[in-house]
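Welcome to this short tour of a protein structure. Take a moment to turn the model around before you read on.

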Amino acid sequence: MWSLLRLVSLRHVFGAPLRSLLTLIGVAVGVATLVGIAAINRSVMDAFRSTIDTVAGKADLTVAAETSGFPEELLETVRAVPGVLHASGGLSVVAPVKDSPGESMYVMGVDLLDDGFFRTYEGVDTDVGKLADDLEFLNSTDRILVSERYAKEKGLKTGGTIELITPEGAKPFIIHGLLKETGPLKAFGGSVAVMFFGSLQEAFARGRTLTRIDVAIDPRVGLEAMKDRLQKVVGSSIEVDSPDRRGAAVQTMVRSFQLGLNLGSGVALLVGVFLVYNTVSISVVQRRREIGTLRALGATRRRIRALFALEAGVFGLVGSLLGLPLGILVGKAAIGSVSNSISEIYVKVNTHSVQLGVPEMVMGLTLGVLGSVFAALRPSWIASAVQPVEALRKDAAIGAGAVEVKSWPTYLGVFLLAIVWPTTQIPPPLENLPLGGYAAIFFILMGVTLLSPLVLRTLNVPFARPGELLFGISGRLAADNFARAPVRTAVPVSALSIGVAMAVTLSSFIGSFQASTDRWIEQAVPADLFVTSSAKLAGTQNQSMQASLQKEIEAVPNVDLVDPVRLMAHDVLGLRIYVISLSSDIYRSRGNPLILEGSLPDAAQRASGQVVISENFARRRDLKVGSTFPIKTPTGEHTYTVGAVIIDYTSDQGSVIVDRELFVKQFNSDLVDTFHVYVKDLGALDQTRAAITSKLSGRFNAYVLSNAELRQEARKLVGGAFAITYAMEIVAVALALLGIINTLLAAVLDRTREIGLLRAVGADRRQIIKLFAGEAFFIGLTGSLFGVVTGGVVGYIVTKIVGVQATGWNFPFSYPWGTAVQMVVIATCAAIIAGLYPARRAASLDVVEALAYE
Amino acid sequence: MIQVANVSKVYRRGKNEVRALDDVTLTVPRGQFLSVMGSSGSGKSTLLNLLGALDVPTSGTLKIDGREISRFPDDELSRFRRDRLGFIFQFFNLLPTLTAIENVILPELLAGKSRDELEPKARALLEQFGLTGRDTHRPDELSGGQMQRVAIARALLSEPALLLADEPTGNLDSKTGGEVLRLIREATRARNLTVVMVTHDAHAAEVGDRIVRLADGRVVGDDPVRVAA
Ligand SMILES: Nc1ncnc2c1ncn2[C@@H]1O[C@H](COP(=O)(O)OP(=O)(O)O)[C@@H](O)[C@H]1O
Ligand SMILES: [Mg+2]
């Protein structure tokens, strides 16, 4: 077999070096995007987990209320539980660094006396053992320890200061000493500051609350038993869990985002695999006679099949191996954008490095090789059907196979399209995992691919006239040629249509989403100015602000009303949703939320625990008006009743809107994430804005956005979240263009005699160029037209099914006409450009040799 | 009409040199029907390709209508072939996706003329060549003889000065071949066309006015055809 491979295949591979190269590029780039994205996803999650793990240290159990905190007295209660050997309380905040947008520090507040039990701190210029008695460290509110590496990187020294944004504004923090970058100091990408927990509470306006108690247990009692004991003591509002179980809500939340990225990168590989299919098909056609000879010499059908499958497998293997290093580049290029989006949308992660791990390499190689072999199945089947007598036929190389209407690809294609709708109806097996929808999309793409030859072979008729008008008689012949070998032409057409379809799909989803967010902000959040600290949008990246700022803003001339809004990420019913607190009266009088069900609760109803929930939270947890559900708060678990379900795009996990009065009481916190400011005179908006900015800018990394700017930011957030996926679809389109080059190169070979004849009867070089560029034009046009149509259907499914399952939001679908037109124009032009190389090859053929070609 | 003087054509394949034509000198007056005979590999096609400006000689000069065609740039060559020459090959004369009539007008379409103006003329030619009602057939619906007739019609449509035919009957049975030869003879004589036809079939060569024999790239015989009484 190997000698056969060497003898028969290698010669062919090197005989058509460009085609082989393009195929390898296709596989390599496909594998690279897949592997790169997988590596990013893992790196981000690893970083997130390692922050949890390194911070957890040697704790057996952690008592935690990460987002809302609990009173510090609980620590003594926990210590008193029998079986608790040791307990250490702490809290941590993510604090933005002043004047460095996007940069923040993970500040851990710990009791060094206790904490050493769980975590090891190693001093560089400080004796950690003595810190517990170091009054300067304990009694100040601004002394921090940072790692030596971090200090060096930022040019900081012991005694120097770094300014962090706190709810009370920017404060200088003094570097009290340096620690080695070990243990918890490796968390959060190394941007960690350690301070005394009492100082942190003070500096960050956290009252006397903790977010975490680490517990070491008596092993004789057992983990489960201790967990039960502790849970009973701390009450149901606080989680008791082993460290490795923590962060699960966040991981679930990020899952659909990451899955989307993975699938997006899969499209590039899919198109890459098309190139393999293309190449193997071409080589089967061109080697018919050789196959016939092999058969005549006694090679079995199975052996012929194995030969081609093996050849494809080798392409897959070499391509994948080339793809792995390329994958690192993809990972490096995209990690910034991905971790940025995850930080903006889900949880602040600090990852800027990406490594290719064994799992990604194995996956890349496996999918690259299997995909290639799979792509070779059909052509190798066709090859094995070659009869020994064909070795003797002179015209054996001409033509690339006819399309039979009643063949299995047709039936399969129809079948796949028929099961699309039922497939979309399969409920997701896991939260945030809309597998049915994704499978349906794959079926559509494959179904269209399988049926496309049937359509292509009829297109010479409608294309003939426009072809002739555009390119003269060459254009007419190009239209004929385009439809002549439909099975072969269908490959680049389908590859292109898949790339274009996915781009249009994404664009339709993004566009529909953006339009809906826009409408939502305009109607439901109609404030004139939005004041935030450290990030333009309140959410994961901003720092909360103290409530007293409300008075200061109200004092600014022209300010009519100020609504202090809190957006607190919080785990409710197993989802990391946002609890939004706002002044209900302002919301009712100024906002015009899009209510789907129920009505906004009045004052009495609010006092009795009626809240408003978002559409997606309702859908995810099957809540209706009148349903009740619990929320764990620092003052215990409270039950809330759904008063209304509204459209709200704050978080894809869901949101609950609680009246501010109730929130402050129950959550023990009056911090504010964004002040919604209504002005009296819109004409003086700019002055008002300038006044607020100048009032705050020295103290906070303050942003004051107009309503239009807020909407713009929301649009950017959505666009940014899909930027990488969109880029990958463009890569897929580019790979499809390589397929056009491949196909046309094969067509030039097959039609060498025709080219000779045309030249002999008077065609000049330009006309030959037009002949092939014209065919490329038709391939590009058809592929992109198929793509924009398929993309519309897939976009609808993504918006209305996958999106609903993944986000709980059901927003109106709108078709991206702009993108569609752009795609058709660009892809068609690019196809022509791709066709120029084969066209030039055709035009430069020696006429005499072409005529003698067989 | 045609003046070939000391023309040689050497093909190089790696180290091997093939002297396909070796110092050939030949003159063909206007209106003459010249048959070129010789065994396979004797250089017949090479000569024809040079006359058709598909290829350039290694040495020597080649003039058609007194003009040295090997000096033409590529564009001008294409135009020259389109306007002044008609070609008929042994096989694969027609484009498979075009109808018979489209194949006939192909060179004129390449020249940028409009279909409407060409089609009546082409249809008339096809009728004249016994292909009435076949004008919308595609090559795979035609017999070998019919295909060659379409090719002749194509070669003649633009009213060229010179018709070049490379074994036009090589692929046909003798009866059909005879009919095709007759057609070429009659159609060219009526138009006072110069014809150079390559064949290895002595019988076929007889339709010409003159027979030139080639062997190993050299002219080894040049005789008028005696008119059969
Ligand atoms: N493109 C070419 N390259 C190399 N040798 C060639 C080429 N074309 C023809 N020959 C050689 O030139 C000689 C004459 O060929 P040709 O004119 O085709 O002969 P004929 O048509 O009489 O059979 C042959 O030996 C042939 O092998
Ligand atoms: Mg010959």
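Two strands are said to pair if DSSP finds at least two bridges between them. With that in hand, we can look at strands 6 and 7 of chain A, which run antiparallel and are joined by 6 bridges. Keep in mind that this is a predicted model. The points below cover strands, a ligand, cavities and two backbone angles.

**A hairpin in chain A**

- Strand 6 of chain A covers residues 161-166, and its antiparallel partner, strand 7, covers residues 169-179.
- To find a spot where they face each other, look for A:Leu164, which stands opposite A:Lys171 in strand 7 of chain A.
- The link from strand 6 to strand 7 of chain A is a hairpin, and 2 residues make the connection.

**An open sheet in chain B**

- As general background, strands of a sheet pair through backbone hydrogen bonds, and they can do this in a parallel or an antiparallel way.
- In chain B, 4 strands form an open sheet; their order is 2-1-4-5, and the pairing is antiparallel.
- Which strands sit at the edges of this sheet? They are strand 2 and strand 5 (67-68) of chain B, each of which pairs on one side only.
- Strand 1 and strand 2 of chain B share 9 bridges in the antiparallel sense, and B:Lys9 has B:Leu21 of strand 2 as its bridge partner.
- These two strands of chain B also form a hairpin with 2 residues between them. In its turn you will find B:Gly14, with a positive phi of about 65 degrees.
- Strand 1 of chain B also pairs with strand 4 (residues 59-64) of chain B, antiparallel and over 5 bridges. Here B:Val4 is matched with B:Leu62 in strand 4.
- Strand 4 and strand 5 of chain B are antiparallel too, with 2 bridges between them. In this pair, B:Lys63 has B:Glu68 of strand 5 as its bridge partner.

**Ligand 1 and its surroundings**

- Where is ligand 1? Look between chains A and B.
- There are 13 residues around ligand 1, and the ones that come nearest are B:Gly41, B:Gly43, B:Lys44, B:Ser45 and B:Thr46.
- Two backbone contacts are worth finding: a polar backbone atom of B:Gly43 is 3.1 Å from an oxygen atom of ligand 1, and a backbone N or O atom of B:Lys44 is 3.0 Å from an oxygen atom of the ligand.
- B:Ser45 uses its side chain instead, where an N or O atom lies 2.7 Å from an oxygen atom of ligand 1.
- On its own, ligand 1 would expose 560 Å², and the protein buries 71% of that area.
- Strand 1 (2-13), strand 2 (16-28) and helix 1 (44-51) of chain B each give at least two residues to the shell around ligand 1. Helix 1 of chain B supplies the largest share, with 3 residues.
- Sorted by character, the shell of ligand 1 has 7 polar, 3 nonpolar and 3 charged residues.

**Cavities inside the protein**

- Here is the idea behind the search: rolling a probe the size of a water molecule over the atoms shows where empty space is left.
- How many cavities of 30 Å³ or more does the structure hold? There are 6 of them.
- The largest cavity contains about 90 Å³ of space.
- Its lining is made of 13 residues, and those closest to the centre are A:Ser584, A:Tyr587, A:Pro601, A:Arg606 and A:Val612.
- Helix 21 (584-590), strand 16 (610-614) and strand 19 (655-659) of chain A are the elements that give two or more residues to this lining.
- The lining of the largest cavity includes 8 nonpolar residues, along with 2 polar and 3 charged ones.

**Two backbone angles to look up**

- Most residues other than glycine have a negative phi.
- A:Asn668, however, has a positive phi near 55 degrees. This residue is in the loop between helix 24 (660-667) and strand 20 (674-679) of chain A.
- B:Asp65 likewise has a positive phi, near 55 degrees. Look for B:Asp65 in the loop between strand 4 and strand 5 of chain B.

How values were computed. Residues numbered from 1 in each chain as written. Chains lettered and ligands numbered in written order. Predicted model: local features only at pLDDT ≥ 70, side-chain atom pairs only at ≥ 80, totals over all residues. Heavy atoms only, no water. 1 Å grid on protein atoms, 1.4 Å probe; cavity = no way out; pocket = protein on both sides within 12 Å on 5 of 7 lines; lining within 4 Å. Points joined across faces, edges and corners; volume = space filled by probe spheres on them. Nonpolar A, V, L, I, M, F, W, Y, C, P; charged D, E, K, R; others polar. Near = heavy atom within 4 Å. Polar contact = N/O pair within 3.5 Å; in protein donor to acceptor, adjacent residues only side chain to side chain. Areas by Shrake-Rupley, 256 points an atom, 1.4 Å probe, with all protein chains shown as cover.
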